[in-house]
Amino acid sequence: MLFHVRMDVAIPRDLDPDERTELVTTEKARALQLQREGTWVHLWRGGGQYSNISIFDVPDSTAMHNLLWSLPLFPFMTVQVTALTEHPSALSANPSP
């Protein structure tokens, strides 16, 4: 099941710099792991923002929920999740004869 996810990150400015570095480093490692596994299919940065637009491929909404909660920066995120389904006019839904 595909999900479109927007994640806006707001790490508190007064967070200990070492803790911030550890969180960002751990988040990057987790994101790379999920991409290598094929779960985090696409990852784009929102220009001029500390945010991203991503596509995830997971079994269901519970798996999506659990994945998001597993991200180290999740406590500092505002997340918007949209489940995706194939559009009837998509080329993949209308293969050539």
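**Group meeting: four strands and what packs on them**

Let's start with Phe 74. Its relative accessible area is 18%. The cut-off for buried is under 20%, so Phe 74 counts as buried. Keep in mind throughout that this is a predicted model.

Phe 74 has a ring partner, Trp 69. The ring centres of Trp 69 and Phe 74 are 4.9 Å apart. Their planes meet at 40°, so this pair is called tilted. Now, is Trp 69 buried or exposed? Trp 69 is exposed, because its relative accessibility is 56% and the exposed class begins over 50%. So this pair joins a buried Phe 74 to an exposed Trp 69.

How many aromatic pairs does a search of the whole structure find? It finds 2. The other pair is Trp 40 with Phe 56, with ring centres 4.7 Å apart. The angle between their planes is 40°, so Trp 40 and Phe 56 are tilted too. Trp 40 sits in strand β2, residues 40-45, and Phe 56 sits in strand β3. That is why this pair ties together parts 16 residues apart in sequence. Both Trp 40 and Phe 56 are buried.

Next, the sheet. In what order do the strands lie? Read across, it goes β2, β3, β1, β4. That makes an open sheet of 4 strands with antiparallel pairing. β2 and β4 are at the edges. Each of those two has a single partner strand, so one side of each has no neighbour in the sheet. From one strand to the next, the twist averages 15°. Helix α2 packs on this sheet and touches β1, β3 and β4. The direction of α2 makes about 25° with that of β1.

Look at β1, residues 2-9. With β3, residues 51-57, it pairs over 7 antiparallel bridges. With β4, residues 77-84, it pairs over 8, again antiparallel. Take Asp 8 as an example. Its bridge partner in β3 is Ser 51. In β4, its bridge partner is Thr 78.

Now follow the side chains along β1. They alternate. Phe 3, Val 5, Met 7 and Val 9 point to one face, and they are buried. Leu 2, His 4, Arg 6 and Asp 8 point to the other face, and they are not buried.

Two of those non-buried residues meet. Side chains of opposite charge can pair when their charged atoms come close. Here, Arg 6 and Asp 8 form a salt bridge, at 3.0 Å from N to O. A search of the whole structure finds 1 salt bridge. Arg 6 has 24% relative accessibility, so it counts as partly exposed. Asp 8 also comes out at 24%, so it is partly exposed as well.

Back to the buried face of β1. Which residue of β3 stands opposite Met 7? The answer is Asn 52. Asn 52 has a relative accessible area of 12%, so it is buried. Its side chain makes a polar contact of 2.7 Å with the side chain of Ser 54. Beyond four places in sequence, Asn 52 touches several residues, among them Val 5, Met 7, Trp 40 and Leu 43.

Ser 54 is in β3 too. Its relative accessibility is 0%, so Ser 54 is buried. Leaving out residues up to four places away, its contacts include Phe 3, Val 5 and Met 7. Trp 40, His 42 and Leu 43 are also among them. Remember Trp 40 from the ring pair with Phe 56? Here it touches Asn 52 and Ser 54.

Last stop: Val 58. Where does Val 58 lie? It lies in the loop between β3 and α2, which spans 61-70. Although it is in a loop, Val 58 counts as buried, because its relative accessibility is 5%. What does Val 58 contact, leaving aside neighbours within four places? Met 1, Phe 3, Thr 39, Ala 63, Met 64 and Leu 67. Of these, Phe 3 belongs to the buried face of β1. And Arg 30? Val 58 and Arg 30 are 28 residues apart along the chain, and their C-alpha atoms are separated by 15 Å.

Note on methods: Residues numbered from 1 in each chain as written. Predicted model: local features only at pLDDT ≥ 70, side-chain atom pairs only at ≥ 80, totals over all residues. Heavy atoms only, no water. Buried < 20%, exposed > 50% of the residue type's maximum accessible area, 1.4 Å probe, protein only. Pairing = 2+ DSSP bridges. Contact = heavy atoms within 4.5 Å. Phe/Tyr/Trp six-rings, centres within 6.5 Å; stacked < 30°, edge-to-face > 60°. Axes fitted to C-alpha atoms, helices over the stretch in contact; angles between N-to-C directions. Salt bridge = Lys/Arg side-chain N within 4 Å of Asp/Glu carboxyl O. Polar contact = N/O pair within 3.5 Å; in protein donor to acceptor, adjacent residues only side chain to side chain.
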